[in-house]
Amino acid sequence: MVSSDYPFADGYNLVWELTGFGDADEEIVESASLTRDQFLKIRHLFVLGDDPWMVAGEYRVAPSIWAHVRRAVPGVRFQRDADYFLGARQALPDGRFWRPAPGVAAPGPIPPF
């Protein structure tokens, strides 16, 4: 168990990145950042086991939960031909969150389905 003085305990100092990848060269077709409060609204939709804050990797966002995610994160569109993943990232020291822009190639391998 993580102690409460750990900087990422209970999901603090994290941001969750929702990224949609299209077929063409693993191009990013959508990218959105979720706050802790937004993540808490949808966390129960994922099987997280020992990773309740998604810090161990990326999780597939199945089409069956897209409507729930849209309600928690207004503006997310979801494209039928794209694959979506959600995972936690550390917040930057100045309070900003970094996320890749739509239309760019993925910097590394896409998580497995």
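Arg89 is a good place to start: with a relative accessibility of 33%, this residue counts as partly exposed. The model here is a predicted one, and Arg89 leads us straight into how its parts are linked.

## The salt bridge

How many salt bridges does a search of the whole structure find? There is one. The side chain of Arg89 meets the side chain of Glu58 in it, with 2.3 Å from N to O. Side chains of opposite charge can pair when their charged atoms come close. This pair links distant parts of the chain, as Arg89 belongs to strand 4 and Glu58 to the loop between helix 1 and strand 3, 31 residues apart. Glu58 counts as partly exposed too, because its relative accessibility is 26%.

## The sheet

Strand 4 is also part of a sheet, so let us look there next. In what order do the four strands of the open sheet stand? The order is 2-1-4-3, and the pairing is antiparallel. Strand 2 and strand 3 take the edges; each has a single partner strand, so one side of each is left without a neighbour in the sheet.

The table lists the strand pairs, each with an example of residues that stand opposite each other.

| Strand pair | Bridges | Example of partners |
|---|---|---|
| Strand 1 and strand 2, antiparallel | six bridges | Phe21 and Ile28 |
| Strand 1 and strand 4, antiparallel | eight bridges | Gly20 and Tyr84 |
| Strand 3 and strand 4, antiparallel | two bridges | Tyr59 and Leu86 |

Strand 3 covers residues 59–60. Besides the partners in the table, Arg60 stands opposite Phe85 in strand 4.

Strand 1 deserves a closer look. Of its eight residues, eight are buried. Both faces of this strand are covered: Leu14, Trp16, Leu18 and Gly20 are buried on one side, and Val15, Glu17, Thr19 and Phe21 are buried on the other.

## Aromatic rings

The structure holds seven aromatic pairs. One of them joins Trp16 and Phe39, which are stacked, with 4.4 Å from centre to centre and 5 degrees between the planes. Which parts of the chain does this pair link? Trp16 sits in strand 1 (residues 14–21) and Phe39 in helix 1 (residues 36–42), 23 residues apart. Trp16 is buried, because its relative accessible area is 0%. Phe39 counts as buried as well, since its relative accessibility is 0%.

Another pair is formed by Trp66 and Tyr84: their ring centres are 5.4 Å apart and their planes stand at 75 degrees, so this pair is edge-to-face. It also links distant parts of the chain, with Trp66 in helix 2 (residues 66–72) and Tyr84 in strand 4 (residues 83–90), 18 residues apart. Are Trp66 and Tyr84 buried or exposed? Both Trp66 and Tyr84 are buried.

Trp16 and Phe39 also belong to a cluster, in which ring pairs link them with Trp53. Trp53 has a charged companion as well: the charged end of Arg43 sits over the ring of Trp53, 4.3 Å from its centre.

## A buried acid

Our last stop is Glu30, found in strand 2 (residues 28–34). Glu30 is buried yet has no salt bridge. Why does Arg77, the nearest side chain of opposite charge, not give Glu30 a salt bridge? Arg77 is 4.4 Å away, and a salt bridge needs a nitrogen and a carboxyl oxygen within 4 Å, so this pair does not count.

What does the side chain of Glu30 reach instead? The backbone nitrogen of Phe78 lies 3.0 Å from the side chain of Glu30. A polar contact of 3.2 Å also joins the side chain of Glu30 to that of Tyr84. Tyr84 therefore returns in several roles: this residue makes a polar contact with Glu30, pairs edge-to-face with the ring of Trp66, and stands opposite Gly20 of strand 1.

Definitions and conventions
Residues are numbered from 1 along each chain as its sequence is written. This is a predicted model: local features need pLDDT of at least 70, side-chain atom pairs count only at pLDDT 80 or more; totals for chains, interfaces and linings use all residues. Side-chain values use heavy atoms; hydrogens and water are left out. Buried means under 20% relative accessible area, exposed over 50%, partly exposed in between (1.4 Å probe, protein chains only). Lys and Arg count as positive and Asp and Glu as negative; His and the chain ends are not counted. A polar contact is a pair of N or O atoms within 3.5 Å; within protein, one must be able to donate a hydrogen and the other to accept it, and residues adjacent in sequence count only if both atoms are side-chain atoms. Rings of Phe, Tyr and Trp (its six-membered ring) pair if their centres lie within 6.5 Å; planes under 30 degrees apart count as stacked, over 60 as edge-to-face and the rest as tilted. A charge sits over a ring if NZ of Lys or CZ of Arg is within 6 Å of the ring centre and within 35 degrees of the ring normal. Two strands pair if DSSP finds at least two bridges between them.
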